[in-house]
Amino acid sequence: MKKLLAVVSVLLCMGCTSSKDIVTGTAQSEPDEEGNYTVVTVEYSKSKDKVVDVNIDEYKNGVSKKSMGDDYGLKAVSGVGREWDEQIHYLETFIKDYSIADLQMNEYGVLENPDVISGCSIYVGHMIPLVEAAIADAKG
């Protein structure tokens, strides 16, 4: 019976990751002339060599754009019919599901992946180096 329990325990935990496996990295831009800045936090699995969570946010006048939700007012003029927080969530999901290396941008920092721009049409050229820096920070 003890052997059976040990085997079941091992099988149940095969998909588990230890808390030491997940590391956090952060990066922040320098504030612009108006005091606005971007913050990126990633959770990175060392054993999977993969980002398992990413949080990108911009702060305008000290207020998080994500927290503004519909009050940000982008949906009405957005080519993809989404608010800023919805678009950034779409990008975060792509980075988690694929990788930062799978993003295609032109020389102006504009996304070119058809599957990404179908849900995220905002300019993210300044954010991607911060995501890369946060990943590097997590890796140590």
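In this predicted model, strand S2 (37-45) and strand S3 (50-60) each supply at least two residues of the lining of the largest pocket. The larger share comes from S3, which gives the most to this lining, with 3 residues. The pocket holds about 180 Å³ of space. Its lining consists of Ser29, Glu30, Asp32, Asn36, Tyr37, Thr38, Glu58, Tyr59, Lys60, Lys65, His126 and Leu130. Sorted by class, 5 of these residues are charged, 4 are polar and 3 are nonpolar. Both acidic and basic side chains occur among the lining residues, including Glu30, Asp32, Lys60 and Lys65.

Strand S1 (residues 22-28) contains threonine 26. This threonine has a relative accessible area of 45%. Threonine 26 is therefore partly exposed, because that class covers values between the 20% limit for buried and the 50% limit for exposed. Between threonine 26 and valine 54, the C-alpha to C-alpha distance is 9.7 Å. In sequence, threonine 26 and valine 54 are 28 residues apart.

A nonpolar patch was found on the surface. Tyr108, Val110 and Tyr123 make up this patch, which has an area of about 340 Å². Tyrosine 108 sits in a loop. That loop runs between helix H3 (84-97) and helix H4 (114-117). The relative accessibility of tyrosine 108 is 61%, so the residue counts as exposed. The cut-off for exposed is over 50%. Tyrosine 108 thus combines a loop position with an exposed side in the accessibility classes and a place in the nonpolar patch.

Technical notes
Residues numbered from 1 in each chain as written. Predicted model: local features only at pLDDT ≥ 70, side-chain atom pairs only at ≥ 80, totals over all residues. Heavy atoms only, no water. Patch = residues over 30% accessible without salt bridge, like charges linked within 9 Å, V, L, I, M, F, W, Y side chains within 5 Å. Areas by Shrake-Rupley, 256 points an atom, 1.4 Å probe, with all protein chains shown as cover. Salt bridge = Lys/Arg side-chain N within 4 Å of Asp/Glu carboxyl O. Helix = DSSP H or I, 4+ residues; strand = E, 2+ residues; numbered from the N terminus. Buried < 20%, exposed > 50% of the residue type's maximum accessible area, 1.4 Å probe, protein only. 1 Å grid on protein atoms, 1.4 Å probe; cavity = no way out; pocket = protein on both sides within 12 Å on 5 of 7 lines; lining within 4 Å. Points joined across faces, edges and corners; volume = space filled by probe spheres on them. Nonpolar A, V, L, I, M, F, W, Y, C, P; charged D, E, K, R; others polar.
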